[in-house]
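Here is a short structural report. Please look at the model before reading on.

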Amino acid sequence: TSVPSGANLESLVLYKSVPSATGTGDTLGTPSSGIQNLTDAAALFVAGMERGYIVISGASNGGNNGAFYIVKYNSTSSIDIYNPNGVSETSSFTWVTESPLLAKIDSGTGLPVTPNGADISVAWDSGANKIFKL
């Protein structure tokens with residue numbers, strides 16, 4: 001609503017909104033079938049983080065650094081991530097949550113659009129394709 005005037009908007013971006021959080025000095029468990037447990041003593045995890053991503057940096061073991069899919073929220077102090085190269089570790093690594101990109105639509109009726117301070121309405125396909133089709 002009320003998109004400020006400015007340069008042409010050339011695409012529409014859809015993402016899963018994940019609550020923002022950052023932590024340090026936590027523990028990564030031993031992976032089992034690619035699933036690794038991450039515990040946070042500060043209890044910063046929330047259920048809305050599930051199916052988002054977490055970026056870990058500064059870990060001693062290189063396989064623990066990177067962006068990982070959050071498979072399951074267990075509690076405010078525990079989540080499971082997909083990290084097939086993970087190694088058990090307790091250190092002062094840092095982590096931050098990320099909202100994953102679902103789709104970038106850069107062609108369609110009305111694109112690009114020049115915002116003029118008014119609302120921009122998006123009409124989704126009511127047929128088989130809906131928002132997008134894989």
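The notes below cover the sheet, two residues and a pocket.

## The sheet

The model is predicted. Eight strands make up an open sheet. Their order is β2-β9-β5-β6-β7-β4-β3-β8, and they pair in the antiparallel sense. Two strands sit at the edges: β2, residues 22–24, and β8, residues 89–90. Each of these pairs on one side only.

One of the pairings joins β3 and β4. Strand β3 spans residues 27–28, and strand β4 spans residues 35–39. Two bridges link them, in the antiparallel sense. Thr27 faces Thr39 of β4 across this pairing.

## Thr97 in strand β9

Thr97 belongs to β9, which runs over residues 94–98. In the sheet order, β9 stands between β2 and β5. Is Thr97 buried or exposed? Its relative accessibility is 10%, so Thr97 counts as buried. The cut-off for buried is under 20%.

The side chain of Thr97 has polar partners in the backbone. The backbone oxygen of Pro19 lies 2.8 Å from that side chain. A polar atom of the Thr97 side chain is also 3.1 Å from the backbone nitrogen of Ala21. Pro19 and Ala21 both appear among the residues that Thr97 touches. The others are Val18, Ser20, Met49, Tyr53 and Ile54, with residues up to four places away in sequence left out.

## Leu9 before the first strand

Leu9 lies in the segment that precedes β1, a strand covering residues 12–15. Leu9 has 34% relative accessibility and therefore counts as partly exposed. That class runs between the 20% and 50% limits.

Which residues does Leu9 contact, leaving aside neighbours within four places in sequence? They are Val3, Leu111, Pro112, Val113, Pro115 and Ile120. Gly25 offers a contrast in distance. Leu9 and Gly25 are 16 residues apart in sequence, yet their C-alpha atoms are 41 Å apart in space.

## The largest pocket

Rolling a probe the size of a water molecule over the atoms shows where empty space is left. The largest pocket holds about 430 Å³ of space. Its lining consists of 18 residues. Nearest the centre are Leu12, Ile105, Thr109, Leu111 and Val122.

What is the make-up of the lining, by nonpolar, polar and charged residues? There are 10 nonpolar residues, six polar and two charged. Leu111, one of the residues nearest the pocket centre, is also a contact of Leu9.

Terms used
Residues are numbered from 1 along each chain as its sequence is written. This is a predicted model: local features need pLDDT of at least 70, side-chain atom pairs count only at pLDDT 80 or more; totals for chains, interfaces and linings use all residues. Side-chain values use heavy atoms; hydrogens and water are left out. Helices (H or I, at least four residues) and strands (E, at least two) are DSSP runs, numbered from the N terminus. Buried means under 20% relative accessible area, exposed over 50%, partly exposed in between (1.4 Å probe, protein chains only). A polar contact is a pair of N or O atoms within 3.5 Å; within protein, one must be able to donate a hydrogen and the other to accept it, and residues adjacent in sequence count only if both atoms are side-chain atoms. Contact means heavy atoms within 4.5 Å. On a 1 Å grid over the protein atoms alone, a cavity is a set of points where a 1.4 Å probe fits but cannot get out, and a pocket is an open set with protein on both sides within 12 Å along at least five of seven lines; lining residues have an atom within 4 Å of a point. Grid points are joined across faces, edges and corners, and a volume is the space filled by probe spheres set on the points. Ala, Val, Leu, Ile, Met, Phe, Trp, Tyr, Cys and Pro count as nonpolar, Asp, Glu, Lys and Arg as charged, and the others, Gly among them, as polar. Two strands pair if DSSP finds at least two bridges between them.
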